[in-house]
Structures are given as structure tokens and as C-alpha cells.
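Reader: I'd like a close look at one part of this model, and then a walk outward from there. Here is what I have on screen.

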Amino acid sequence: MALSACGSGSGDKDGDGGGSTSTPAFNAAVGHVYNPSDTKGGTLKMANDSDWDSLDGGDSYYGYGWNFGRLYMRSLVTFKSAPGAEANQLVPDLAESLGKASADAKTWTYKLRKGLKYEDGTPITSTDVKYAVARSLDKDVLVNGPTYFSDFLDLQGYAGPYKDHDLTMANFKAVDTPDEQTIVFHLKKPFAGFDYLAMLPATAPVPPAKDTGTKYKEHVIASGPYMFKTNELGKRFVLVRNPNYDAKTDPDTGRKSLPDEIDVDLNVNQADIDKRLLNNDLDVAVSALGVTAETRAQVVNDPNLKKFADSSPQPRTWFTALNADVAPFDNEHCRKAVMYAADKEGYLRSYGGANGGEIATNMMPKMIPGFRQVDLYGTKSKPNGDIDKAKSELKACGKPDGFSTNISYRAERAAEKATAESLQQSLAKVGIKTELKAYPQSDYGKLYAGNVAFAKNNGLGLRVYGWGADWNDGFGFLSQIVDSRAIRAAGNTNFGVKDPKIDSMLDDALEELDEGKRNKIWGNIDEQVMKDAYYLPGVWASTLFYRPERLTNVFISDAYNTYDYTTLGVQK
């Protein structure tokens with residue numbers, strides 16, 4: 001998932017993975033509940049350093065959006081709201097239980113709980129869930145989000161209700177709704193992990209009569225404990241309690257729904273967010289990126305601040321994509337010249353040095369099953385780059401004197417700007433001249449770096465990015481960034497990996513029942529990506545979060561790699 005993204009693996013650094021404490025201390029919310037409370041009331045104040053990609057569950061692919069979305073949306077199943085590794089557990093949400101699979105794992109059945117209602121009091125039905133999935137298939141309309149349902153459902157050519165112009169979905173044979181409570185998914189190939197797809201916010205129900213397509217994000221019809229009071233696009237929105245949410249229908253997820261109101265400011269400067277956090281004028285930075293490198297240094301060196309901080313290694317890699325659609329990166333030797341020339345220590349400094357993670361030699365983070373370290377470009381021995389080998393690769397690709405290209409990054413992210421500047425300096429040493437291009441975070445994948453035509457036409461040879469696991473295994477981390485079949489016109493998260501070998505290995509892994517053998521394939525895929533030199537891995541991430549004093553019920557979720565937003569409360 002685009003960063004911040006979902007995933008798992010922070011672990012319990014200072015304790016047994018459970019329990020609680022009200023004593024301020026560094027990492028008190030890692031593996032534990034800090035400042036536990038069931039007290040309701042007050043206003044939770046949050047801010048984001050950019051606009052939202054979309055509040056529409058069918059059009060969202062930032063991890064913070066998936067975490068936050070559970071406040072106003074309910075999917076079929078979800079990750080449990082709990083500290084430590086327990087957060088990796090999938091639990092029923094709208095559904096009575098996890099999915100019931102057929103013997104061949106190609107048919108999955110869920111039954112909705114009784115008494116489910118939208119914010120307006122109308123009942124939630126299986127048809128609404130079917131419609132939500134159907135509309136999410138159309139990536140020409142709802143551009144953001146993964147392609148899992150298109151990849152696995154037996155669609156038989158069905159492309160969604162916007163193209164079919166039929167709200168009854170008569171041609172959507174891949175999903176059956178035999179009654180108002182039951183929904184059945186038919187897959188074109190076995191997938192034992194289908195419950196992870198049932199976790200996606202694309203399964204949050206949408207009443208067909210109230211769908212407004214791309215404008216649905218302006219007023220999502222709430223199925224969760226909160227609903228929208230106001231929504232000023234690009235500025236701020238306010239959530240208040242949903243009077244028709246019944247906690248009795250939500251016994252498994254761990255949602256606490258403590259605040260009476262949740263206020264979210266958008267497009268706030270990241271440095272200003274940090275100042276407000278430290279001054280107790282803000283409760284949460286939504287983006288889950290943690291504090292900036294400058295604030296990180298301030299916090300870790302001040303014991304009075306550090307006791308309100310939590311550090312969590314992430315199943316996330318900060319990297320730069322090399323665009324084979326832009327010459328001369330269609331030549332692998334030109335790509336490899338960048339791999340050798342890049343200053344990896346400079347990359348790490350951009351994210352705060354050792355406090356921001358460690359230098360990555362390959363794409364998969366260390367906590368993803370199947371990880372094995374691959375260092376094809378001598379990163380460990382020459383972390384500042386290997387000029388001689390970079391020049392040799394330039395000669396092999398017919399560009400001995402170098403070439404010119406552009407580097408894109410997300411404008412709101414200081415670390416990505418610093419990364420682009422570091423790359424600019426290190427690549428210049430071998431004659432590769434670069435111009436920096438900043439684009440808005442909210443539309444980075446939709447209109448700019450992830451838009452195939454825009455990236456090609458604007459010469460975006462290098463695209464600074466980051467990725468975290470949708471869930472904690474090799475498929476959950478790799479598939480949406482390396483499967484060429486996931487590439488579409490816009491809204492991409494695969495920024496150009498096109499290797500039939502990789503596609504074939506992905507298929508082999510899904511068919512492999514032996515976990516050990518399957519995990520070995522994930523490692524092989526990672527190595528092949530490095531051989532192809534499509535991605536320049538930069539940093540295996542670690543993040544420093546700050547929790548103001550008045551926050552209650554705080555813990556790092558290993559599923560979302562930041563504070564769990566559904567349990568937070570405030571002291572009034």
C-alpha cells in the first residue's frame with residue numbers, strides 16, 4: 001500500500017506484547033496499551049500533511065486511509081484493534097465469521113450480521129457489499145486502490161456498474177447474493193488468503209441508489225461508529241457519532257469509539273504538525289509517517305519529550321523507481337548505472353539517519369516471511385556508491401558521458417525532497433544530470449508518477465516512492481508493486497516492473513501449498529527485481545511517533561504500523 005501502508009511486524013521491544021501502562025516512557029505504546037481508558041467524550045484533533053487520496057473505500061490506497069476508514073466504514077472482516085502481533089489477526093466485522101471456503105478455495109461465503117444499519121437507519125444488505133466490490137473494479141472511475149478483486153474474481157468480462165449501466169449487476173456473476181445476509185465470491189483460481197481481500201475497504205457497503213461515482217467521496221454513507229458532519233474537500237472534515245451504529249453488532253473488532261467528535265485538518269505543513277503535537281495542540285498526525293527528521297532529533301535527545309515517543313520498525317521500504325518507459329532507462333545497463341551511483345548513506349540521512357531505519361539492499365523488509373538479504377550492487381561494501389562500476393554500466397548502455405532525466409517526489413514529504421536532492425548530487429558524479437519535479441501526494445499515483453502517459457511524456461525517469469505490505473506476507477508486500485498485470489493507465493503502484501519471469505513466479509507462489517517453499521519464491525522474486533534494476537531500494541523504514549499527553553488508549557498496531565485510530569480517546 002502506498003506509504004504509509006498497511007502491514008505488520010513492529011513487535012514488542014520492551015515487554016511481553018501485552019498489558020498496559022499509564023506511566024510515560026519511551027515505547028510505552030509498543031506492544032502495550034498506553035494510558036488505558038474507556039472514558040467517552042471530547043474531541044480528537046488530527047491533521048494530515050496533504051489532501052486525502054479519497055475518503056471513498058473503493059478509491060483509497062494509503063494505509064492511513066485504511067486505518068482511519070474503519071471509523072466510518074465497516075468491511076466484511078478487519079484486522080483486530082489490539083497491540084502487538086495480535087493486531088495481525090483477521091476478525092469478523094460486518095460478517096458473522098471469517099469466510100467459509102470450498103474445498104478448492106475458489107468459492108468463499110460470508111454471512112452478514114443481523115441488525116446492521118447505515119447512518120440514515122436503512123438496513124445494510126449483501127447486495128450493498130456486492131455493489132461496493134463491483135464499483136471498485138472500474139479503475140477508469142475509481143483510480144486508486146489495489147487490483148486484487150480484478151485479479152482473482154471470475155469476472156467473465158464484467159467491468160463494473162459504471163460501464164454496464166445496470167445497478168442490479170445482473171452480469172456480475174462472480175458474486176452471488178442468495179439472500180440479504182449472504183454473499184458468495186467465485187474465484188477464477190484458488191486463493192487460500194481470500195479473507196485478506198474481504199478485509200479491503202472496497203467491501204464496505206455502498207447503497208447503489210446513493211452512489212455518485214467520483215463524487216461519493218464527498219459524502220460516504222457511514223456504516224461504522226462515526227459519520228460525516230461536514231466535509232470541506234481539501235481543507236478539513238468532521239466526524240460525529242453515527243446514531244444508527246449498534247456496538248452489539250461489532251463484538252470482535254476491538255473498536256472503542258471514545259471521542260464524541262473527530263476533527264481532521266488537511267494540507268497542514270508537516271513541520272507545523274510536529275510543533276502542534278509537541279505543544280499538545282494536536283493529538284495525531286494522520287499520515288503515519290511519524291515526526292520529521294528534525295523533530296526526531298529533538299525528541300530523542302530530550303528525555304522529557306522522548307517519554308512520549310514510540311519507535312517502530314516497519315514492513316516498509318523507501319525506494320526510487322527507474323522508469324523503463326523513459327529512455328535511456330529502457331536499457332538495463334543505464335538503470336544499473338543508477339543502482340551503483342546512488343549514495344545510500346545519503347538516502348538514509350534523508351529519513352533521519354539511524355533513527356529512520358537502515359540502508360536497504362533489496363526491496364522486501366526484513367520482517368516479511370521469505371526475506372533474504374540480496375546485495376547485487378555492493379551497497380554494504382560501498383554505501384556511498386561505486387563510481388567505477390556506475391561508469392562501466394554507462395559505457396555498456398551507450399551513454400559513457402551520462403544523460404539527463406527527471407526525478408519526481410511527493411511535494412509534502414520533506415524526506416522525499418531530501419532523497420531527490422541526494423540522488424541529484426550522487427548521480428551528477430557520473431554525469432547523470434537531473435531536474436527535480438514535485439507533485440501532490442494525494443494524486444501522485446493517479447495523475448502524475450503513477451500515470452503511465454504523464455510519467456512518460458514528462459520524462460519522469462526516477463520516481464521517489466515508498467511501499468508497505470497490505471498484509472504480512474510476500475504476496476501482500478510484492479504483488480501490487482511487481483506484477484506487470486496490475487499496471488493500468490493511471491493510479492498505479494507498480495511503477496514499471498514488467499518481467500514475465502516475475503509474473504510467473506507470483507503465480508507459482510500462489511499455487512504452492514508448502515509455506516517454506518512459497519516463502520522461498522518470494523525471496524526469489526525480490527532477487528529478480530534487483531537483477532532487473534527496476535527499483536533502487538533506499539531504506540528499510542523505522543518510524544518515530546509522538547503521543548501528546550492527553551491521548552488515551554494508545555498503541556502501535558502491527559497491522560497498520562501506526563497508532564490504531566479506532567481505539568484512541570482524549571482526556572477532557
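Which residue in β11 stands opposite M227?

Author: That would be V240: M227 stands opposite it in β11. Keep in mind that this is a predicted model.

Let's stay with that pair of strands for a moment. β10 covers residues 226–232 and β11 covers residues 236–241, and the two run antiparallel, joined by six bridges. Another of the pairings involves Y226, whose bridge partner in β11 is R241. Between the two strands of this hairpin sit three residues. If you check backbone torsions there, look at G234, which takes a positive phi near 80 degrees.

Now go to the next strand over. β11 also pairs with β12 (residues 261–265), again in the antiparallel sense, this time over five bridges. Here F237 stands opposite V264 in β12.

Zoom out and you get an open sheet of five strands, in the order β10-β11-β12-β3-β13, with mixed pairing. β10 and β13 (284–285) are at the edges with a single partner strand each, so one side of each has no neighbour in the sheet. So the strand that carries M227 is one of those edge strands.

From the sheet, on to a helix, α7, which spans residues 293–300. T295 is located in this helix. T295 has 9% relative accessibility, and because buried means under 20%, T295 counts as buried. Its side chain makes two polar contacts worth clicking on: one with the side chain of D274 at 2.6 Å, and one with the side chain of T292 at 3.1 Å. Leaving aside residues up to four places away in sequence, T295 touches D274 and L278.

α7 also takes us to a pocket. The second largest pocket has a volume of about 310 Å³. It is lined by 22 residues, and the closest to its centre are A293, R296, S350, Y351 and A415. α7, β14, α10 (344–350), α12 and β19 each supply at least two residues of that lining, with α12 giving the most, at four residues. By class, the lining has nine nonpolar, seven polar and six charged residues.

For the largest pocket, the volume is about 520 Å³. Of its 21 lining residues, F191, A192, A509, L510 and R518 are the closest to the centre. α16 (500–511) and α17 each supply at least two of the lining residues. The class split here is twelve nonpolar, two polar and seven charged.

Some of those elements turn up again around one more helix, α9. Eight of the ten residues of α9 (residues 332–341) are buried, so the helix is largely enclosed by the rest of the structure. The buried ones are C334, R335, K336, A337, V338, M339, Y340 and A341. They pack against β14 (309–322), α11 (387–396), α12 (414–428), β18 (462–468), α17 (515–532) and β19 (535–546). At the start of α9, have a look at N331: one of its side-chain oxygens reaches to within 2.8 Å of the backbone nitrogen of H333.

Notes. Residues numbered from 1 in each chain as written. Predicted model: local features only at pLDDT ≥ 70, side-chain atom pairs only at ≥ 80, totals over all residues. Heavy atoms only, no water. Buried < 20%, exposed > 50% of the residue type's maximum accessible area, 1.4 Å probe, protein only. Contact = heavy atoms within 4.5 Å. Polar contact = N/O pair within 3.5 Å; in protein donor to acceptor, adjacent residues only side chain to side chain. Pairing = 2+ DSSP bridges. 1 Å grid on protein atoms, 1.4 Å probe; cavity = no way out; pocket = protein on both sides within 12 Å on 5 of 7 lines; lining within 4 Å. Points joined across faces, edges and corners; volume = space filled by probe spheres on them. Nonpolar A, V, L, I, M, F, W, Y, C, P; charged D, E, K, R; others polar.
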